[in-house]
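Me: Please take a close look at the salt bridges here. Once they are covered, describe the local features elsewhere that deserve a check.

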Amino acid sequence: MSNITNQSLSEILESIKSKKISSLELTQAYIKNIENAKKLNAFVTTTFDQALEYAKKFDNKPNNEQLLSGIPLAVKDLFCTENVKTTAGSNILNNFIPSYESTVTKNLWNNGAFLLGKLNCDEFAMGSSNETSFFGNVINPIGDHLVPGGSSGGSSSALAADLTPATIGTDTGGSIRQPASFTGTVGLKPTYGLCSRWGIVAFASSLDQAGPMTKTVNDCSIMLEAMSGFDDKDSTSINKKKETYSKNLKDNIKGLKIGIPKEYRVDNMPKEIDELWEKGKKILKDLGAQLIDISLPHTKYALPTYYIVAPAEASSNLARYDGVRYGYRSQKGKDLIEMYENTRSEGFGDEVKRRILIGTYVLSSGYYDAYYLKAQKVRQLIKKDFDDSFTKVDAILTPSTPSSAFKIGEKTNDPVSMYLNDIFTVPVNLAGLPALSLPAGLDKQGYPLGLQLIGKALDEQKILNIGYAFEKNCGYKNEIKKWWS
Amino acid sequence: MSKEKFDYFINGEKGKYEVVIGLEVHAQVLSNSKLFSGSSTKFGADPNKQVSLIDSAFPGMLPVINEECVKQAIRTGLGLNAKINNYSVFDRKNYFYADLPQGYQISQYKNPIVGEGKVLLDMPYGSKEIGIERLHLEQDAGKSIHDMDPSSTYVDLNRSGIALMEIVSKPHLRSPDEVNAYIKKLRTIMRYLGTCDGNMQEGSLRADVNVSVRKVGDKNFGTRCEIKNVNSIKFMQMAIEYEANRQVELLEDGKEIDQETRLFDTKKNETRSMRSKEDAHDYRYFPDPDLLPLKLEQKLIDDLKKSLPELPDNKKERFIQEYGLNSYEANVLVSEKEISDYYEEVAKLSDKKLAATWMMGDLFAMLNDKGLNISNSPISAKNFAELVQSIKSGEISGRIAKEVFEIMVESGDNPKKIIESKGMKQQSDPKQLEKMINEILLKNKDKVDQYKAGKEKLFGFFVGQVMKLSGGKANPQLTNEILKKLLKG
């Protein structure tokens with residue numbers, strides 16, 4: 001029982017169903033872990049009392065028919081949670097308590113889970129290291145000097161440190177897959193529109209997508225099944241029949257065609273990333289998959305395109321944080337304009353301001369055509385590259401990130417090098433496709449590295465299946481010493 | 001009918017100027033809920049009582065298009081003989097203001113739902129076509145209230161998110177009168193369609209007015225100024241008048257006109273600079289990523305077209321054909337759907353032409369007097385038709401009819417009943433009339449002699465006597481005939 005929190009979500013679910021452990025015991029075990037892990041700074045808010053109460057209620061009248069029966073979950077602090085403070089990692093929402101629950105979290109609770117706490121993240125999900133959070137940086141359990149990735153860094157850290165059995169993040173340009181890769185965990189960015197965006201603090205609307213972060217692929221399929229689904233409150237939500245990903249999970253991938261895009265072999269990529277990729281190819285080949293060289297010629301434009309589209313949308317999405325109706329309001333200033341200026345100057349951090357400025361610039365009259373419009377056109381070309389490839393292959397295998405977890409502070413003053421961390425992940429967001437990051441090995445320092453499987457739109461089942469087979473044959477296991485407790 | 005000549009020009013020392021006007025009319029869509037949220041759109045609720053999380057732009061809230069508002073825009077477009085675009089896009093217009101919760105207004109910029117159309121105006125100098133540039137859907141903002149507290153501004157978001165149709169005209173208007181006719185015509189069309197109530201007091205219809213002047217004969221337009229948010233036709237006309245004269249004065253003085261946005265001060269009756277072109281907002285329009293492009297099936301447009309009510313221009317033609325009205329009468333009677341409905345009900349039951357005359361005369365005067373609309377007229381269409389029929393059949397005279405009408409207004413009673421109970425029926429029995437007239441002639445022998453000697457003016461005196469004796473009930477036509485006959489003899 002003492003090591004229940006080491007286990008995967010599906011193992012824990014079994015223990016709950018077979019009454020080996022009660023929901024209350026499970027919750028208490030996680031609370032203990034969380035209390036011992038304050039050094040990681042993974043949580044912004046904990047909701048222990050309400051979690052314990054819910055666990056007791058569950059134990060009194062267990063309903064084991066649900067996907068997440070009796071499971072306490074911590075979630076990224078970008079999801080609005082009813083009556084629980086939701087900050088998006090920002091001072092400007094430091095005091096914001098929503099009166100509503102995001103569709104995705106509501107789906108989790110409707111499947112039997114309950115809230116354990118809110119996880120730290122980069123401010124408004126803008127960052128790749130969780131260093132832009134108003135609530136301080138999060139530490140990677142892999143090593144006390146390492147970033148956990150971002151923006152879902154609280155989520156990846158908490159998951160890897162056994163502070164939650166599974167979690168959810170959001171992924172606008174890699175914010176699920178990169179932190180998963182940095183912490184040796186599984187992260188899935190679903191097809192754009194598969195999970196409702198309603199109630200998630202928006203960063204870049206045409207790119208944002210919520211997804212699961214878990215210890216195993218099976219866990220990932222369970223979480224995806226629980227959180228996804230059509231929502232008529234989100235106009236970009238896809239109206240389709242709900243799938244049962246976990247029930248349909250298969251490890252037979254014989255005959256599947258796996259594309260290997262040559263453009264993902266970037267200059268100055270560490271040798272170990274290349275070796276990892278080779279290792280991944282070999283595993284899939286040995287499982288009977290067919291490797292096919294493909295080309296995604298516009299890949300090199302993905303990062304600049306992303307850093308026009310995402311800030312443009314963000315500059316508009318973040319206009320609502322003006323101190324008028326909710327959130328932080330500066331007490332300085334003698335008129336409305338000064339109130340705005342002071343509120344937003346004091347409320348937002350540097351990275352958010354940087355992106356608002358970039359976004360405002362690229363949408364400005366006289367620059368719109370050269371930047372935003374052109375970026376939209378390139379975005380179509382990037383999407384077309386994928387469409388063309390998917391007429392030939394079932395999935396695409398790439399590295400998740402160009403490096404393992406970097407040191408805290410290492411890239412803080414070099415935003416471009418920070419942005420380069422998203423080089424393998426952003427094309428997927430621009431194309432709206434699903435992609436799964438799987439832990440695949442360690443670099444020579446012993447830090448985890450991930451591989452990414454990209455699928456066709458709505459082809460989550462296939463990449464989960466490939467990931468499932470891969471996981472069984474890869475032999476990766478996170479060995480984390482709990483140095484913090 | 002003799003046509004007047006168009007004559008709205010401004011005469012300067014250096015020449016004669018014409019005024020060029022284009023309007024951006026903001027018409028509030030008639031719908032139960034807002035453009036992108038389920039909040040009610042009812043007018044007059046307490047402040048901030050009709051505000052959803054979406055209208056107040058809480059984090060994570062997303063807009064969902066209200067299908068009814070889209071249909072209303074299509075209907076309006078069809079009513080303006082305009083092209084409906086199967087593909088349109090919602091854009092964000094970004095600017096900061098306390099009553100704009102999102103920090104942007106969702107509007108349509110490059111791809112509006114409705115394209116070019118036209119509106120026909122009936123002017124004293126003939127009919128004139130005004131081109132419509134486009135119609136697009138957008139959200140209204142909230143309301144800032146600056147006068148409730150000396151140091152604070154209060155914000156009411158009830159209006160925030162309500163659907164507006166912005167109807168942009170081409171610069172085809174040339175005078176305040178044409179602006180008046182144009183707004184009224186738009187209003188009539190939308191009220192027929194049920195797409196906007198056109199209530200200017202409640203702000204359901206407001207306009208930005210673009211004014212420029214040029215010398216008569218010039219091909220190029222002058223520099224225009226935009227007068228923002230004028231909410232009554234009278235103010236629009238006053239603003240145009242002032243602004244056009246201001247611009248002419250500048251030109252006469254050899255000065256240039258700055259392209260700028262101006263405000264109309266209703267107290268001082270003048271326009272004032274609000275911001276120059278250099279200070280113009282950069283709205284940073286871009287497609288709203290929260291909303292998919294609006295793709296309309298042709299079938300939806302066709303179905304809406306089929307279900308459109310008869311529109312004023314068509315109805316006017318029909319009234320002329322079917323009821324034998326002249327253009328002026330038809331125009332007045334189709335100006336409101338309710339009026340046209342009332343008229344048709346009356347015309348079905350009585351004399352069509354006489355009904356029109358009486359409606360446009362006594363009925364309208366009375367309604368106007370009492371500040372009532374046709375829909376809450378104290379006289380029902382059926383009773384009014386009976387009154388018209390009683391006149392037509394000669395049962396009562398026009399003069400008596402006016403009395404009956406008065407009583408109908410007070411009591412709401414049926415005219416037959418009033419005529420009956422008050423004995424107001426016209427005396428149309430020739431024998432009785434002849435007897436009465438003979439008595440009068442006998443009593444006034446001297447006057448009869450004078451008449452016969454050539455003083456024919458006295459005929460009116462005899463008629464007066466008959467009316468006096470009959471209590472006004474003598475059939476005037478018959479009285480005339482008998483009098484003439486007996487005076488000859």
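Reply: The salt bridges come first, followed by surface patches, backbone geometry and two residue environments.

This is a predicted model, in which local features need pLDDT of at least 70, side-chain atom pairs count only at pLDDT 80 or more, and totals for chains, interfaces and linings use all residues. Residues are numbered from 1 along each chain as its sequence is written, chains are lettered from A and ligands numbered from 1 in the order in which they are written, and side-chain values use heavy atoms, with hydrogens and water left out.

Over all chains, the structure holds 60 salt bridges (a side-chain nitrogen of Lys or Arg within 4 Å of a carboxyl oxygen of Asp or Glu). One of them joins Asp162(A) to Lys482(A), with 2.7 Å from N to O. Asp162(A) sits in the loop between H5 and strand E4 (167-170) of chain A, and Lys482(A) in the segment after helix H15 (460-474) of chain A, so the bridge ties together parts that are 320 residues apart in sequence. Helices (H or I, at least four residues) and strands (E, at least two) are DSSP runs numbered from the N terminus. Asp162(A) is buried because its relative accessibility is 6%, while Lys482(A), at 33%, is partly exposed. Here buried means under 20% relative accessible area, exposed over 50%, and partly exposed in between (1.4 Å probe, protein chains only).

In chain B, Glu18(B) and Arg174(B) form a salt bridge whose closest N and O atoms are 3.4 Å apart. This pair also links distant parts of the chain: Glu18(B) is in strand E2 of chain B, Arg174(B) is in the loop between strand E10 (163-169) and helix H2 (176-193) of chain B, and their positions lie 156 residues apart. Glu18(B) has a relative accessibility of 14%, so it counts as buried; Arg174(B) is buried as well, with a relative accessible area of 14%.

Glu226(B) pairs with Lys228(B), and the closest N and O atoms of that salt bridge are 3.4 Å apart. Glu226(B) is buried because its relative accessible area is 14%, whereas Lys228(B) counts as partly exposed at 22%. Elsewhere, Arg197(A), Asp234(A), Arg92(B), Asp288(B) and Asp290(B) are joined into one network by salt bridges that share partners.

Surface patches are built from residues with over 30% relative accessible area and no salt bridge, like charges being joined within 9 Å and nonpolar side chains (Val, Leu, Ile, Met, Phe, Trp, Tyr) within 5 Å. Glu256(B), Asp258(B), Glu278(B) and Asp279(B) make up a negative one. Lys and Arg count as positive and Asp and Glu as negative, with His and the chain ends not counted; a charge is placed at NZ of Lys, CZ of Arg, CG of Asp or CD of Glu. Glu278(B) belongs to the loop between strand E14 (270-276) and strand E15 (286-287) of chain B, and its relative accessibility of 69% is why it counts as exposed.

A nonpolar surface patch consists of Tyr361(A), Tyr367(A) and Tyr371(A), which together have about 270 Å² of accessible area (Shrake-Rupley method with a 1.4 Å probe; for residues, only the protein chains shown count as cover). Tyr361(A) is in helix H11 (residues 350-363) of chain A and is partly exposed, at 37% relative accessible area.

Next, the backbone. From Gly150(A) to Ser151(A) the peptide bond is cis, with omega near 5°. Ser151(A) lies in the loop between strand E3 (114-119) and helix H5 (153-160) of chain A. In chain B, Ala57(B) is not a glycine but has a positive phi of about 55°. Ala57(B) is in the loop between strand E2 (16-28) and helix H1 (67-79) of chain B, and counts as buried because its relative accessibility is 1%. Asn229(B), also not a glycine, has a positive phi near 50°. Asn229(B) is part of strand E12 (residues 225-230) of chain B and is partly exposed, at 47% relative accessible area.

Two environments in chain A remain. Ser23(A), in helix H2 (residues 23-36) of chain A, is buried at 0% relative accessibility. Apart from neighbours within four places in sequence, Ser23(A) is in contact (heavy atoms within 4.5 Å) with Ile16(A), Ala55(A), Phe58(A), Asp59(A), Gly70(A) and Phe114(A). Val324(A) occupies the loop between helix H9 (302-317) and helix H10 (336-347) of chain A. With residues up to four places away in sequence not counted, Val324(A) touches Arg329(A), Met339(A), Tyr340(A) and Ala98(B).
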